[in-house]
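Please walk through the fold with me, beginning with one pair of strands, then widening the view to the sheet, and ending with the pockets and the overall dimensions.

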Amino acid sequence: MRTLAHIGIPINEKPAKGTYLEGAKLYITDPADTKNNLEFLYFEKDCPMPEIVKKSTHIAYAVDDIDAELKGAKILIPPFQPLPNVKAAFIEEDGIPIELMQISK
């Protein structure tokens with residue numbers, strides 16, 4: 001089952017408050033800092049992520065079993081660990097990037 005986690009929006013300037021993900025060459029903000037659960041993303045020029053992820057707004061869902069969700073999906077970014085208790089992956093559905101997040105407790 002998918003539960004809406006956040007909406008991710010690419011931005012053109014480095015955020016004043018954000019977390020740097022060195023391997024991804026990306027800054028992200030905390031969606032909990034906004035009323036509408038928005039995550040802002042600033043991609044460095046040499047960020048290796050696919051263009052569709054860097055240029056499009058994405059919808060992120062928390063899922064119970066990320067591996068089950070990935071079966072048969074069009075995978076843009078295979079599973080990775082952006083934060084200590086999060087396993088994430090990006091897929092494409094309906095022409096837009098979708099982030100799937102399995103959060104450990």
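**From one strand pair to the whole fold**

In this predicted model, F90 has E99 as its bridge partner in strand 8. That bridge is a convenient place to start, since strand 7 and strand 8 run antiparallel and are joined by 8 bridges. By residue number, strand 7 covers 86-93 and strand 8 covers 96-103.

Stepping back from this pair, one finds 2 helices and 8 strands in the protein, and read from the N terminus the elements follow one another as β-β-β-β-α-β-α-β-β-β. The 8 strands form an open sheet whose order is 2-3-4-1-5-8-7-6, with mixed pairing. Strand 2 and strand 6 stand at its edges, and because each has a single partner strand, one side of each is left without a neighbour in the sheet. Averaged over the sheet and ignoring direction, neighbouring strands are turned by 30° against each other. As a general point to keep in mind when looking at such a sheet, side chains in a regular strand alternate between the two faces.

The mixed character of the pairing can be followed at strand 4, where two kinds of neighbour are found. Strand 1 (residues 2-10) pairs with strand 4 (residues 38-43) in the parallel sense, over 4 bridges, and P10 has L41 as its bridge partner in strand 4. Strand 3 (residues 26-28), by contrast, runs antiparallel to strand 4 and is joined to it by 3 bridges; here the partner of L26 in strand 4 is F43.

Between strand 2 and strand 3 lies a loop that contains G23. Is G23 buried or exposed? With a relative accessibility of 70%, G23 counts as exposed, because the cut-off for that class is over 50%. G23 and E93 are 70 residues apart along the chain, and their C-alpha atoms are separated by 25 Å.

Turning to the pockets, the largest has a volume of about 360 Å³ and is lined by 22 residues, with H6, I28, E39, L83 and M101 lying nearest its centre. Many strands take part in this lining: strands 1, 2, 3, 4, 6, 7 and 8 each supply at least two residues, and strand 6 contributes the largest share, 3 residues. By residue class, the lining divides into 14 nonpolar, 5 polar and 3 charged residues.

The second largest pocket holds about 170 Å³ of space, and its lining consists of P10, I11, N12, Y42, F43, E51, K54 and K55. Two of these residues have already appeared in the strand pairing, namely P10, the partner of L41, and F43, the partner of L26. Strand 4 and helix 1 (51-55) each supply at least two lining residues, and helix 1 gives the most, with 3 residues. Here the division is into 4 nonpolar, 1 polar and 3 charged residues.

Finally, the dimensions of the protein as a whole can be considered. The C-alpha trace spans about 35 × 25 × 25 Å along its principal axes, and buried residues make up 34% of the 105 residues. For a chain of 105 residues, a compact globule would have a radius of gyration near 13 Å, and the 13 Å found for the protein therefore agrees with that expectation.

Notes: Residues numbered from 1 in each chain as written. Predicted model: local features only at pLDDT ≥ 70, side-chain atom pairs only at ≥ 80, totals over all residues. Heavy atoms only, no water. Pairing = 2+ DSSP bridges. 1 Å grid on protein atoms, 1.4 Å probe; cavity = no way out; pocket = protein on both sides within 12 Å on 5 of 7 lines; lining within 4 Å. Points joined across faces, edges and corners; volume = space filled by probe spheres on them. Nonpolar A, V, L, I, M, F, W, Y, C, P; charged D, E, K, R; others polar. Buried < 20%, exposed > 50% of the residue type's maximum accessible area, 1.4 Å probe, protein only. Axes fitted to C-alpha atoms, helices over the stretch in contact; angles between N-to-C directions. Rg over C-alpha atoms; globule rule 2.2 N^0.38 Å.
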